[in-house]
Amino acid sequence: MKTERIGFSKWNEDDIDLAIQLWGDKEVTQFICATGMFTNEDVHQRLKTEIDNDEHLHIQYWPIFEPSTEELIGCCGIRPFQSEIYSYELGFHLCKKFWGMGYATEAAKAVIEYSFETLKAKKLYAGHHPQNKASAKLLTKLGFLYIGKNYYKPTGLYHPSYELVNNKETNIKAKEITISAENPFTTEAISLLNELSKCLQDITGDNGNSSFDANDVCNDKAIFVIARNQSGKAIGCGAFRPMNETTAEVKRMYAKEKGMGIGNKILSYLECQAVDMGYKSLRLETRVVNAKAVLFYRHNGYKEIPNYGKYENNINAICFEKDLST
């Protein structure tokens with residue numbers, strides 16, 4: 001890879017002096033380890049990690065250079081994101097001399113494009129030290145969305161974390177999906193709802209059936225929808241029921257396959273229908289332990305609110321609301 005001002009290379013065993021130049025500077029490492037400073041052993045181990053990632057996965061936090069002077073700018077790249085396939089974690093470390101000059105943005109954009117276009121990554125994740133405001137600003141500028149805080153072992157702190165979805169891949173697949181209002185008592189609908197109940201049972205220990213009555217989504221102020229692929233196969237569902245004249249409650253959101261944009265398309269359809277029915281907001285509840293659901297709703301503009309109704313004193317529940325009037 002290369003950009004207008006940056007040339008990318010690869011770390012190898014002969015690059016220990018360059019590695020020390022970068023990771024041996026406490027100005028660079030102050031936000032990436034608990035002590036704020038790498039020892040020589042830490043630098044050697046970091047270099048080995050990058051070389052191993054290249055050997056086994058063909059990715060690194062690649063060293064980047066100023067082409068005309070061949071001076072080391074720092075590094076920028078990706079490493080594996082252990083909990084999801086086709087996902088990586090983006091990172092960048094720059095020598096202090098090159099801070100505030102746009103190099104991190106330029107390098108990160110090249111790595112993002114490579115990750116999505118060449119590696120066909122579905123998502124990129126990133127995080128930063130709580131005190132590193134510059135990284136927070138940069139990640140937002142690059143289009144990353146905040147998804148919460150995660151414990152980062154090297155610093156012993158909870159780091160703000162972000163996610164960037166490969167919308168190009170998702171949108172292509174989403175175009176093949178159709179959404180329509182259907183009867184929740186059909187064989188296909190019952191099958192989807194049963195699958196969802198099993199998933200919820202596995203994730204939360206509660207299948208959620210006690211919080212849903214299909215009859216509640218069979219009136220003119222409610223809706224139950226099914227998503228279908230090009231072949232007409234039912235691949236997801238969702239619903240809402242009235243809470244009062246201006247607010248409805250989202251229920252039974254489910255997608256059989258991940259990474260296709262099914263959930264996004266169902267939720268968008270429900271929101272449009274809710275507006276047409278005169279609702280001003282949508283509410284919902286999920287479980288704190290259901291991390292992917294929590295992130296999904298946050299990504300779609302839902303804001304956490306105090307637990308309502310039957311969930312008011314349930315410490316395992318988390319409730320959200322979205323203002324549809326805007």
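Trainee: Two strands pair if DSSP finds at least two bridges between them. Which strand do three bridges join to β11?

Mentor: Strand β12 (residues 281-287), and the two run parallel. T247 stands opposite S281 in β12. Helices and strands are DSSP runs numbered from the N terminus, H or I over at least four residues for a helix and E over at least two for a strand.

Trainee: Before I go on, what is this model?

Mentor: It is predicted: local features need pLDDT of at least 70, side-chain atom pairs count only at pLDDT 80 or more, and totals for chains, interfaces and linings use all residues. Residues are numbered from 1 along each chain as its sequence is written, and side-chain values use heavy atoms, with hydrogens and water left out.

Trainee: Back to β11. In which sense does it pair with β10?

Mentor: Antiparallel, over six bridges, with β10 spanning residues 234-242. R241 has E249 of β11 as its bridge partner. The two strands form a hairpin, and four residues lie between them.

Trainee: How many residues of β11 are buried?

Mentor: Nine of the nine in β11, residues 247-255. Buried means under 20% relative accessible area, exposed over 50%, and partly exposed in between, with a 1.4 Å probe and protein chains only.

Trainee: What do the buried residues of α9 pack against?

Mentor: β6 (145-152), β11, α8 (262-276), β12 and β14 (317-323). Those buried residues of α9 (291-299) are A293, V294, L295 and Y297. After α9 comes G301, with a positive phi near 90°.

Trainee: Y297 again. Which ring does it pair with, and why is the pair tilted?

Mentor: The partner is F320: the centres are 6.4 Å apart and the planes at 35°, so the pair counts as tilted. Rings of Phe, Tyr and Trp (its six-membered ring) pair if their centres lie within 6.5 Å; planes under 30 degrees apart are stacked, over 60 edge-to-face, and the rest tilted. Y297 in helix α9 and F320 in strand β14 are 23 residues apart, and the pair links distant parts of the chain. Both Y297 and F320 are buried. Ring pairs also tie F296, Y297, Y302 and F320 into a cluster.

Trainee: Different topic. Where is R228, and is it buried or exposed?

Mentor: R228 sits in strand β9 (residues 223-228) and is buried, at 15% relative accessible area.

Trainee: What does its side chain make a polar contact with?

Mentor: The side chain of E182, at 2.9 Å. The R228 side chain also reaches the backbone oxygen of G232 at 2.8 Å. A polar contact is a pair of N or O atoms within 3.5 Å; within protein, one must be able to donate a hydrogen and the other to accept it, and residues adjacent in sequence count only if both atoms are side-chain atoms.

Trainee: And disulfides, how many?

Mentor: Zero in the whole structure, where a disulfide is a pair of cysteine sulfur atoms within 2.5 Å.

Trainee: Why no bond for C33?

Mentor: Because the closest cysteine sulfur, in C75, is 14 Å away, too far for a bond. C33 is buried at 12% relative accessibility. For C218 the closest cysteine sulfur is in C237, 13 Å off, which is also too far for a bond. C218 is partly exposed, at 42% relative accessibility.

Terms used:
Contact means heavy atoms within 4.5 Å.
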